[in-house]
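Got your viewer open? Let's take a short walk through this model, one selection at a time.

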Amino acid sequence: MPKPPADSDSNRRQFVTTATLATAAAATGGFPSIAKGAAPLSLPSLPWAEAALDPVISSKTISYHYGKHHKGYVDTLNGLIAGTPLEGQPLEAIVKAASADPAKKGVFNNAAQAWNHTFYWNSLRPKTSKPGKPEGALFGKIEAAFGGYEAFRKEFVDAGMTQFGSGWAWLVSDGGKLKIAKTANADTPLTTSQVPLLVIDVWEHAYYLDYQNRRKDYLTAVVDGLLNWEFAGKNLAVK
Ligand code: MN
C-alpha cells in the first residue's frame, strides 16, 4: 500500500478514507479498484450479493441501481476525462478538482455520483436477526450529539424526507462532532471539511421499484435494518 501524502491533514484523511473503503471491501470481496486511479476507472464490485438486502431493498432495485445507474456514472465519467489531465487520477481527486471548476460541472456530477454510490453500498449491510446499532465510541458520540439513538434515528429519516428532490442523507463528523447532513443531486461532503460516516441515497431510483412514493418507509427500513455501523466506526476512527 502506498504511503499517504504527508503535506496536509486533509490529504492524509482522504488517503485513509480510501484505504478504509478498500479494507472494508477486501473483507467482503469489495472494491479495491476505487483507490487505484487506473485509467479507465472501473465499477467497484458490490460488497454483498444483489439479493442480500431483500426484502428491504430488492435485488431488482440493486440490479438497476448498481448495474445501470452507478455503472452509467462511471462510464460517462471515463468518457468525459479521457485524454484530459484528470485521466488516471484517483476518483477522490477528480471529485475535488472538478468541484472547484464551474466548467467541469459534468465531470463533477458523474465523479461525485460514482463516489457517493460506492460509499452508499458500503453504508449498507445485509439485515441480521438483531437490529444493528452503533457501539462503543460511536454510540457515545451519537448520544452526545443527538441526545440518544432514537433522536438520531428520527433526525436521519427526517433529513432524507426533507431533501427536496434528488439527493443524499448523511451522517458526518464535523470537527469531531456527529451531525446529520443532506446534499442535493451529486453534492457530497467529500468536498467539505466534514468526514462522511454513512449515507442513504434518496434519489427516486433508490426506492421507487420497492416503495413507489413512500420514501419514509424506505428510509425507516434502511435506518432500522441495513446501516453498516462497522463501516461508520472505521470512517470515524480515521478522522
Ligand atoms: Mn443512486
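Start at the metal. Select the manganese ion together with H65, H117, D201 and H205: these are its protein donors, sitting 2.0 to 2.1 Å from the ion. The three histidines each offer NE2, while D201 uses OD. Keep in mind that you're looking at a predicted model. Along the chain, the donors follow the spacing H-x51-H-x83-D-x3-H. Now switch on a surface: are D201 and H205 buried or exposed? Both are buried.

Next, pick the sheet. Three strands make up this open sheet, in the order β2-β1-β3, with antiparallel pairing. Colour β2 (177-184) and β3 (195-201): they're the edge strands, each with a single partner, so one side of each has no neighbour in the sheet. On average, neighbouring strands are turned by 25 degrees against each other, ignoring direction. Zoom in on β1 (residues 167-174), which pairs with β2 over eight bridges. For one of these, click V172 and find its bridge partner in β2, K179.

Now add the helices that pack on the sheet. Helix α4 (residues 105-123) touches β1 and β3, and its direction makes about 85 degrees with that of β3. Helix α9 (residues 229-237) touches β1, β2 and β3, at about 150 degrees to the direction of β3.

Last stop: select α5 (residues 136-146) and α6 (residues 149-162). Their axes come within 8 Å and cross at roughly 75 degrees, so the two helices are roughly perpendicular. Show side chains for F139, I142 and F146 in α5, then Y149, A151, F152 and E155 in α6, which they meet. That contact has six nonpolar residues, one charged and no polar ones.

Methods. Residues are numbered from 1 along each chain as its sequence is written. This is a predicted model: local features need pLDDT of at least 70, side-chain atom pairs count only at pLDDT 80 or more; totals for chains, interfaces and linings use all residues. Side-chain values use heavy atoms; hydrogens and water are left out. Donors are N, O and S atoms within 2.8 Å of the metal (3.2 Å for Na, K and Ca); water is not among the atoms, so sites may look incomplete. Buried means under 20% relative accessible area, exposed over 50%, partly exposed in between (1.4 Å probe, protein chains only). Axes are lines fitted to C-alpha atoms, for helices over the stretch in contact, and angles run from 0 to 180 degrees between N-to-C directions. Helices (H or I, at least four residues) and strands (E, at least two) are DSSP runs, numbered from the N terminus. Angles under 35 degrees count as roughly parallel, over 145 as roughly antiparallel, 65 to 115 as roughly perpendicular and the rest as oblique. Contact means heavy atoms within 4.5 Å. Ala, Val, Leu, Ile, Met, Phe, Trp, Tyr, Cys and Pro count as nonpolar, Asp, Glu, Lys and Arg as charged, and the others, Gly among them, as polar. Two strands pair if DSSP finds at least two bridges between them.
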